[in-house]
Amino acid sequence: MVTSRVPRLVVAAPSSGSGKTTVATGLMAALAARGLAVSPHKVGPDYIDPGYHALATGRVGRNLDAYLCGPELLAPLFQHGARGCDIAVVEGVMGLYDGAAGQGELASTAQVAKVLRAPVVLVVDASSQSRSVAALVHGFVSFDPEVRIGGVILNKVASDRHEALLREALESVGVPVLGALRRAAQVATPSRHLGLVPVAERGAAAVEAVAAMAAQVFDGCDLEALVSLARGAGALPGAEWDAAAVVGGPSLPGTRPERPVVAVAGGPAFTFSYAEHGELLAAAGADVVTFDPLRDEQLPPGTAGLVVGGGFPEVYAAELSANEGLRKEIAALAESGSPVAAECAGLLYLCRELDGRPMCAVLDATARMTERLTLGYRDAVAVSDSVLAGVGTRMRGHEFHRTVVEPGAGAAPAWGVLAPEKRVEGFVERGVHASYLHTHWASEPGVARRFVERCRTS
C-alpha cells in the first residue's frame, strides 16, 4: 500500500464567476516562482483551464472527473499527476457543491475534496456585500461537515475599508481569511462561445495574464498560511494510476512495425486532449507524435493511426480548409482503413464541410455553427464495432459545443446515448470512429490497446 503525503488544497467557490481560475492559476504560478514543483489539477471535464495551469507550473494540467472516470479513480489519477511534486493545487468546477445534474454530489468539487482528503479554500466574490459574507461562508462551511473549508480568499474587494468590514464579519464564522484581492483588469482572460480563449491561441498575452495572476496572489494572499493548510491534508492511501499497468502493455507486433506511429492533432485548433490518452497509447506500444493541422502540410512520417480530439476548428475553418494537402492525406488515410479516432472538433474536421468551407470529407456530413449550446454528461454504449470499442462497451462522455452535424449519425452509429435522453450519434466507417462525445480513456483503457492493435494490423 502506497500512501501519498503530497501537500494539497482545493480552490473552490460558491458559484461560477467568483474568481476560482484567477486564484488557482495565480497560486500555482506564485508557488512555482518560489521554486516549488507544483502539480496542477482541474475538477471536471474542462479543457481550457488546464492550459493556463500548465503555463503557470511548467507541468501538464490534469483533470479529475468523478463522472467520466468514476470516484474510485480520482485518488490514483491525482497521485499519478502529483508524483514527485512539492505541492498540488486543484481548481474546482462551478459552485463547491454543484455536480452532475440529478446525481447528488457526484462530480462536484466537494466530492473530489473529500476523496482527496484535501482542505478547501473558498474564493468569494465580495463585490456588493459586506456583513452578508459571513452568512454565505457559514452556509458553505456547515452544509457538509465532511468538507473541510480551511480558509477564505476574498475577491473583487473594492477598498481597504471594504476589506476591513469583510474581515470583521468573518471573524464570527471562525474561518480564517487567507487573502483579499482587488479588482485587476490585467488578470482578465477573454471569452467567446465556449468559455475562455485557450492558452495556445493567446501566446504572449496568456503569459502576461498568468504573470498578473501570480502578482495579485503574491500581493494579496498569505502564501505561508496557504502552504501550511496544504500540508495539513490527510494521508492518501492507495496505489497511483499507471498507464502500463492498466493497459497491459503492448501486444505482439502484427504487420506494422512494433511501435506504430499514432499522429495526434494539436496546435491552436485542437487544444483539448487528456494527458492520460497519450500515455495510454504509448503504454500500449505506439509512438505518439503531435502535429498541427494549421501548419503541417503532411501527417508525421509513417503514420499508422490518427487521433483528432477537441478544440475550435470553427474559429480556424478558413486556415484548416486552406491546408488542402493535409486534408487529402487524412482522407486517404481513412480510405485505406487505418484507425482514426475523432471527438467533437475532430468530428467537424472529418466532415465534408464546416460552415461552408471544405474539410477532410472523410464523412458524408456537414457541420455548422448555431446559437444553441449543447452541454452535459452522457451515458453511452457502443452500438457498432469500431477501432475503439466492441459492441456493448459502456462509457461515459461529455458534450460541449455550439455546432450541429447533419446527419447526426451514420448508417453505423458510434454510440447509443442512454441518458439523459435515448438516441444514437456519431459515425463508424472503415477504421473511423467519430463522435461528439468526449471520453476519458482512463475509465476504459482497453480502447487505447484496441486502437494500437488495429494500427499494427490495418
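User: A pocket here is an open set of points on a 1 Å grid, with protein on both sides within 12 Å along at least five of seven lines. What volume does the second largest pocket have?

Analyst: The model is a predicted one. In it, the second largest pocket has a volume of about 770 Å³.

User: And how many residues line the second largest pocket?

Analyst: The lining of the second largest pocket comprises 43 residues. Nearest its centre lie Thr 271, Phe 272, Ser 273, Tyr 274 and Ala 275.

User: Which helix gives the most to that lining?

Analyst: Helix H12, residues 275–283, gives the most, with five residues.

User: Changing topic to the sheets. What is the strand order in the open sheet of seven strands?

Analyst: The order is E4-E3-E5-E2-E6-E7-E8, and the pairing is parallel. Strand E4 (62–64) and strand E8 (177–182) are the edge strands, each pairing on one side only. From one strand to the next, the twist averages 25°.

User: How do E2 and E5 pair?

Analyst: Strand E2 (residues 8–12) pairs with strand E5 (residues 87–91) in the parallel sense, over four bridges. Within this pair, Val 11 stands opposite Glu 91 in E5.

User: Which strands does helix H2 touch?

Analyst: Helix H2 (residues 49–57) packs on the sheet and touches strand E3 (38–43), E4 and E5. The direction of H2 makes about 170° with that of E3.

User: Now the sheet of six strands. What is its order?

Analyst: This open sheet has the order E13-E12-E14-E15-E23-E22, with mixed pairing. Strand E13 (287–291) and E22 stand at the edges with a single partner strand each, so one side of each is left without a neighbour in the sheet. Neighbouring strands are turned by 15° against each other on average, direction ignored.

User: Which helix packs on this sheet?

Analyst: Helix H14 (residues 324–335) does, touching E13, strand E14 (303–308), E15 and E23. The direction of H14 makes about 110° with that of E14.

User: Which residues of E23 point which way?

Analyst: In strand E23 (residues 432–435), Val 432 and Ala 434 point one way, whereas His 433 and Ser 435 point the other way. All four of these residues are buried.

User: Are the neighbours of E23 parallel or antiparallel to E23?

Analyst: There is one of each kind. Strand E15 (residues 340–343) runs parallel to E23 and is joined to E23 by four bridges. Strand E22 (residues 427–429) pairs with E23 in the antiparallel sense over three bridges.

User: What stands opposite Ala 434?

Analyst: On the E15 side, Ala 342 has Ala 434 as its bridge partner. On the E22 side, Phe 427 stands opposite Ala 434. As for His 433 in E23, Ala 341 stands opposite that residue.

User: What does the hairpin of E22 and E23 look like?

Analyst: Two residues lie between the strands of this hairpin, and Arg 430 takes a positive phi near 50°.

User: Last one, His 401. Why does His 401 count as buried?

Analyst: His 401 is found in strand E19 (residues 394–406). His 401 counts as buried because its relative accessibility is 5%, and buried means under 20%.

User: What does its side chain contact?

Analyst: The side chain of His 401 makes a polar contact with the side chain of Glu 399, at 2.9 Å. In addition, a polar atom of the His 401 side chain lies 2.9 Å from the backbone oxygen of Thr 403.

Terms used. Residues are numbered from 1 along each chain as its sequence is written. This is a predicted model: local features need pLDDT of at least 70, side-chain atom pairs count only at pLDDT 80 or more; totals for chains, interfaces and linings use all residues. Side-chain values use heavy atoms; hydrogens and water are left out. Two strands pair if DSSP finds at least two bridges between them. Axes are lines fitted to C-alpha atoms, for helices over the stretch in contact, and angles run from 0 to 180 degrees between N-to-C directions. Contact means heavy atoms within 4.5 Å. Buried means under 20% relative accessible area, exposed over 50%, partly exposed in between (1.4 Å probe, protein chains only). A polar contact is a pair of N or O atoms within 3.5 Å; within protein, one must be able to donate a hydrogen and the other to accept it, and residues adjacent in sequence count only if both atoms are side-chain atoms. On a 1 Å grid over the protein atoms alone, a cavity is a set of points where a 1.4 Å probe fits but cannot get out, and a pocket is an open set with protein on both sides within 12 Å along at least five of seven lines; lining residues have an atom within 4 Å of a point. Grid points are joined across faces, edges and corners, and a volume is the space filled by probe spheres set on the points.
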